[in-house]
Amino acid sequence: MAPLPPVDLSALPAQFGSAVEAIRKALPKELASPQWGIICGSGLSGLASSLEDKVELPYTDIPGFAESTVEGHKSSLAFGFLSQADEADAAKVVRVPVVACLGRFHTYEGHSAQACVFPVRVMRCLGVSAVVVTNAAGGLHPDFEVGTIMALHDHLSLPTLTSMNPLIGSNLSALGPRFPPLSNAYDVELRLSLFRAAHRLGIDDASMQQGTYAYVLGPSYESRADARFLKTVGADAVGMSTVPEVIAAAHCGMRVLAISLITNKVVLSPYFDTRKALNDELRNSAKTTDASEQIRADKNEAANHEEVLEVGRIRAEDMRKLVQSVVCQTVL
């Protein structure tokens, strides 16, 4: 597939041209037109650790960029090269210019959907043809253990189906059409490349899955009823990001690979049966101990952000190697 054509910046709002100008002024020429974009989710900013000749630009230095306020997210663009020996010729080194978002924006921080996808659109204006979008997610599928890596093959998004679609408003026709399809948003060839990379790296089949990601607004984690509903309608994992960026990338014509790291199991266990616990107490006072243990277990199941960050740190190296392999071994 050929690289995408240049974007006519004069046909876009001025903030796009201002952002591109500020970025390119701060970069050496060889990094000013990256081929790939990478968006790093919670605890996954280490994906940029292997960038060669890296240059970081704080979001505050780029017109139109907001600032990430979430723990585990930095607030900068990192430019550099990903390199790897060519599979077809080990003596040859493939070196690909990329840009990575070290920290993303979420609507739950108070940003508009359009502000959340501004970095993706700027990537397209810089020359990016393909993006890798990563996130930390809760597992709904019973076979997805903590630490599972899931390639997205689809998404379920109540927010963008109802009111929070980033394409609402005047269409930016210089970027893409008014009504872009999303049935093919997740690139099959890139997903296959990811699984090939996992095989080469020796990541076992159980730890490498594919599925449907449910996008919710957050910032609260889901109730049990929320979680049961999402699982019933076909979601395998749930998170608070990614889908707006995928929609914007698809609108721009960019190829998309999206990867979830399952950092916690979503609570789907049955509710505590209060009536049964009382009846057990009335029949046998010793049963109160069982009820206390159940109550403690019920509280300990709840998700927390520290757990998300810790699992991200544990699997960060695998994620880094997978992304590096896909980027370096895929011809755009």
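Is Arg 315 buried or partly exposed, and what is its relative accessibility? At 13% relative accessibility, Arg 315 counts as buried; here buried means under 20% relative accessible area, exposed over 50%, and partly exposed in between (1.4 Å probe, protein chains only).

These legends describe a predicted model, in which local features need pLDDT of at least 70, side-chain atom pairs count only at pLDDT 80 or more, and totals for chains, interfaces and linings use all residues. Residues are numbered from 1 along each chain as its sequence is written, and side-chain values use heavy atoms, with hydrogens and water left out.

**View 1. A salt bridge within helix α9 (residues 305-329).** Arg 315 forms a salt bridge with Asp 318, their closest N and O atoms being 3.0 Å apart. A salt bridge is a side-chain nitrogen of Lys or Arg within 4 Å of a carboxyl oxygen of Asp or Glu. Both partners sit in α9, 3 residues apart, about one turn of the helix. An α-helix has 3.6 residues a turn, so residues three or four places apart point the same way. Asp 318 counts as partly exposed, at 24% relative accessibility.

**View 2. Helix α4 (residues 188-201) and its buried face.** Helices (H or I, at least four residues) and strands (E, at least two) are DSSP runs, numbered from the N terminus. The expected span of a helix is 1.5 Å times one less than its number of residues. The 14 residues of α4 should therefore span 20 Å, and its end C-alpha atoms are indeed 20 Å apart. Buried in α4 are Leu 190, Arg 191, Ser 193, Leu 194, Ala 197 and Ala 198. Seen down the helix axis, these buried residues fall within an arc of 155 degrees, so they line one face; the arc is that of the directions from the axis to the C-beta atoms. On the other side, look for the exposed Val 188, Glu 189 and His 199.

**View 3. Glu 189 of α4 meets Arg 255.** Their side chains form a salt bridge (3.0 Å, N to O). The pair links distant parts of the chain, 66 residues apart, with Arg 255 in strand β9 (residues 255-265) and Glu 189 in helix α4. Arg 255 is buried, with a relative accessible area of 6%, whereas Glu 189 counts as exposed at 55%.

**View 4. A salt bridge between two strands.** The side chains of Asp 53 and Arg 95 meet at 2.6 Å, N to O. Asp 53 lies in strand β2 (residues 52-58) and Arg 95 in strand β4 (residues 93-102), 42 residues apart.
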